[in-house]
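Here are some notes for anyone opening this structure for the first time. Keep the view open while you read, and take the points in order.

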Amino acid sequence: MSHYRKHTLLAGLTAAAIGLAALPAAAADVGSVHFLIPGGAGGGWDGTARGTGEALVNGGLVGGASYENMSGGGGGVAIAHLIETAESQEGTLMVNSTPIVIRSLQGVFPQSFRDLTPIAATIADYGAFVVAKDSQFGTWDDVVAAYRADPNTIKVAGGSVRGGMDHLVPALAFQAAGGDPLKVAYISYDAGGDAMAGLLSGETQVLSTGLGEALGQLRAGQVRILAMTGDERIPEAPDVPTLKELGYDVSFANWRGFFGAPGLSDEKADAYAEALGEMYRTEAWEKVRARNGWTNLFKPRAEFVRFLEQQETEIGDMMRTLGVL
Amino acid sequence: MLDGILTGLSTALTPTNLAMVFIGCFAGTFIGMLPGLGPISAIALMIPITYGFDPATGMILMAGVYYGAIFGGSTSSILINAPGVAGTVATSFDGYPMARKGLAGKALAIAAYASFSGGTIAAIFLLIAAPALASVALSFQSPDYFALMVLGLTAVSAFAGRGNFLKAMMMTVVGLMLAMIGSDPVVGMPRLNFGRVDLLDGISFLLLAMATFALSEALMTVLKREKISDAARAATQGRMGSLKLSGAEVKEMAPVVARSSVLGFFIGVLPGAGATIASFLAYGMERNFARGAKKEEFGKGSIRGLAAPETANNAAASGSFVPLLTLGIPGSGTTAVMLGALISYGVDPGPTLFTERPEVFWSVILSMYFGNVILLILNLPLIPYIARLLTLPSNLLVPLVLFFSLIGVYLVSFNNFDIYMMVIVAVVAVMLRLFDYPMAPMILGFILGDLMERNLRRSITLNDGSISFLWERPITLTILVITAVIVALPLVGFFRQRRRLAQAGEGG
């Protein structure tokens, strides 16, 4: 077995190096994958694509992987490119995430996920609500009580623009608590780190951020996490309750996943989804996942489309309520 | 804190990182020595190379390049009276006369010792001041940041020197305007992108830095056609003289170095004031302190006149890392480029850097110290040989710089549009330079403009729509008052001078 794996790895590396599809038996369905990354080197999309490619190749699931960064237009440049050159993009997977839904609702780019071939969501991060260690709020219920008394006293910091993810999550949460999402005093910061600095300086009371990032800050010992937006608790944070179990019917997952070019054959698309599904069983993936602190969330093909449609409805409704559409 | 220092020490002392300091110092010295290319270009050229590096390693390389470039600038100031960097213009006042007397070796040695001492003393200050400021900075809120940005932007113009205040101000505004292009930072809606998708994310900072510094400086070399290489050949083939200093000379230097380090460090900490201002102020201060014959020596090869600016510019270079590392606010054009580099490594400089990424924080500070040591023990003996590189013909050099800057930007974005835009920006920058418009305030305006807008708008939202935070928060008010004083000072000088002229007119 190990001999076989080694052989596949070598073949994969060779294929990546010369850009040709070497086809070892196990990878006959997929061949080599070309990852299109809609952002620059070093970003979240970049890490996801390269990590997935690494796991697929090292796990012997594809023959090889190559990567292409194409930044611009919040991902719009890469989407337009994939659609325009669809005929020659059979071997291409584009990485994307929740912002493709948000930005297409906003009209940042004219296309949506419907103009592409959704393959699968692969990982997720949940929203988390964080307070400073010495905050007067012990539980999420305390925050909700204070919000009900005067929404303006709860300034919520987040690392995205108004109407972005960090804003939508508290808006959904306070709405589920019977509040008016429009009254959420959301303060936009440039990035999660700055929002964190804002929380620690005392100018905001609650930080809305990704659970992965929040866990990093929890380890630094300056904050407490009050709640998260997953359907169930996750093993990395067994003490953090979900909003659902606290009695607020909200769940939100910031997924990352992959899309093929429009018009991709079902056969090919299913093969990609299958390879990604197989990937979770490889050691190579576990290594990449643990290194990046990702949470698995596998939603292939039709399930992915349903999930995207549902997310589009939820986010779209909330954005209209907030008046950012 | 001791833990942090030890982590930083072990990070900085890994073979890779030590090699990086050395490579950085060497590359920086070389680039800084080339006329026209300063630390900003040197650092901008390094950004694409360091993509994918560990943040600490990348920053260590940058710090090495920074020091090397300043040191390299002094070498060309002393040998051929052609400062590669504005921060070493004052070095040429006494360094070049000294070299012409056949004491080039001694002048270079003084410059190296002064740089080393200035850097060392400032690194110690940094070690103390940065954590202290970082803990204070944790309580800084958005209005305070906004006020600091205003201070930084006005200071860079106020210190721009006589007659340049307006030009520097105008370039700052150009930078602010360029920062508006892209998307609204709070609402996320496109603005001023002329319907172009490529402009939705705004102008890339690396592109702007490369186009306005590396590219346009290379083009300026072609336009000016200076016979630098002839002068360099003469200087490098002539006698360097001994590198040794006498005991009396060391004794003369010591107090100058002590005073200039302190001055340089604090000037460097001020947002908007950097190595250039520090070197001029230190030179002026020493000339005022000198008495009798020693005063007469200034401008004719004075040891003090050489040691002061060299100490101060290195001390200021260390000092300017304080606001960068603790507040995330670049104090100068160079640290603005460095901030861009940090962000591209995924490090978010600010008050949380000290607690969340202590290994980055401390290894940068410590590697600055190693940078100084390496400059002294490696660069100084090598200088006569490195100086030969000054004779590299510009028809070889210019294409090299053009190639590296264009490919550097393309390799990050892989977008053709960036190449076109870079060329356009570079051509405009060359035209502005021909009319003596400074580029550093523009790049600072560009970087700070975005931060300033976000902080102002955030302050207003936090304050429920009122701007009363401007006078209600003590820290904000203090910083704004300091800003007002800094703007007023050159005006006071201007009016006093005019009155003196008027009185002289009446007298005559």
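1. One definition before anything else: the angle between two helix axes is called roughly parallel under 35 degrees and roughly antiparallel over 145. Also keep in mind that what you're looking at is a predicted model.

2. Now put that definition to work in chain A. How do helix H2 (residues 44-58) and helix H10 (residues 283-292) of chain A cross? Their axes come within 8 Å, at an angle of roughly 155°. Since an angle over 145 degrees counts as roughly antiparallel, H2(A) and H10(A) are therefore roughly antiparallel to each other. The crossing of this pair, H2(A) and H10(A), is right-handed. On the H2(A) side, the contact is made by Gly47(A), Gly51(A), Glu54(A), Ala55(A) and Asn58(A). H10(A) answers with Ala284(A), Trp285(A), Val288(A) and Asn292(A).

3. While you're at H2(A), have a look at Asp46(A), which is found in that helix. Is Asp46(A) buried or exposed? It takes 20 or more C-beta neighbours within 10 Å for a residue to be called buried, and Asp46(A) has 20, so it counts as buried. Leu36(A) lies 10 residues from Asp46(A) in sequence, and their C-alpha atoms are 9.1 Å apart in space.

4. Compare that with Glu314(A), which has its place in helix H11 (residues 301-322) of chain A. Here the count is 16 other C-beta atoms within 10 Å, so Glu314(A) is partly exposed. Try finding Ala173(A) from there: 141 residues separate it from Glu314(A) along the chain, and the C-alpha atoms of the two are separated by 12 Å.

5. Next stop, helix H8 (residues 211-220) of chain A. Which of its residues are buried? Leu211(A), Gly212(A), Glu213(A), Ala214(A) and Gln217(A) are. The cover over the buried residues of H8(A) includes strand E4 (117-132), H7, strand E7 (206-210) and strand E8 (223-228) of chain A. Just after H8(A) comes Gly221(A), with a positive phi of about 85°.

6. Step back and take in chain A as a whole. It has 11 helices and 10 strands. Its radius of gyration is 21 Å, close to the 20 Å that the globule rule gives for 325 residues, so chain A is as compact as a globular protein of that length. Along the principal axes, its C-alpha atoms fill a box of roughly 65 × 40 × 30 Å. Of the 325 residues in chain A, 53% are buried. Among contacts in chain A with a separation of 6 or more, 75% are between residues 24 or more positions apart.

7. Chain B has its own make-up: 22 helices and 2 strands. The radius of gyration of chain B is 22 Å, and the globule rule gives 23 Å for its 508 residues; the two values are close, so chain B is as compact as a globular protein of that length. The C-alpha trace of chain B spans about 65 × 60 × 50 Å along its principal axes. As for burial, 57% of the 508 residues of chain B count as buried. Residues 24 or more positions apart make 80% of the contacts in chain B that have a separation of 6 or more.

8. Helix H4 (residues 55-80) of chain B deserves a look of its own. From its first C-alpha to its last, this 26-residue helix reaches 37 Å, close to the 38 Å expected at 1.5 Å a residue. H4(B) is mostly covered, with 25 of its 26 residues buried. Asn81(B) follows H4(B) and has a positive phi, near 55°.

9. Chain B also gives you a counterpart to point 2. The axes of helix H3 (residues 39-50) and helix H15 (residues 333-344) of chain B come within 9 Å and cross at roughly 5°. That makes H3(B) roughly parallel to H15(B). Among the residues that meet are Ile40(B), Ile43(B) and Ile47(B) in H3(B), and Val337(B), Met338(B) and Ala341(B) in H15(B).

10. Finally, see where the chains touch. How many residues does the contact take from each chain? It takes 34 from chain A and 33 from chain B. In chain A, strand E2 (64-69), helix H3 (76-84), strand E6 (185-188) and helix H7 (192-200) each supply at least two residues of the side that touches chain B. H7(A) gives the most to that side, with 6 residues.

Notes. Residues numbered from 1 in each chain as written. Chains lettered and ligands numbered in written order. Predicted model: local features only at pLDDT ≥ 70, side-chain atom pairs only at ≥ 80, totals over all residues. Helix = DSSP H or I, 4+ residues; strand = E, 2+ residues; numbered from the N terminus. Rg over C-alpha atoms; globule rule 2.2 N^0.38 Å. Buried ≥ 20, exposed ≤ 12 C-beta atoms within 10 Å, placed from the backbone. Contact = placed C-beta atoms within 7 Å. Expected span 1.5 Å × (residues − 1). Axes fitted to C-alpha atoms, helices over the stretch in contact; angles between N-to-C directions. Parallel < 35°, antiparallel > 145°, perpendicular 65-115°, else oblique. Left-handed = near helix turned anticlockwise from the far one by under 90°.
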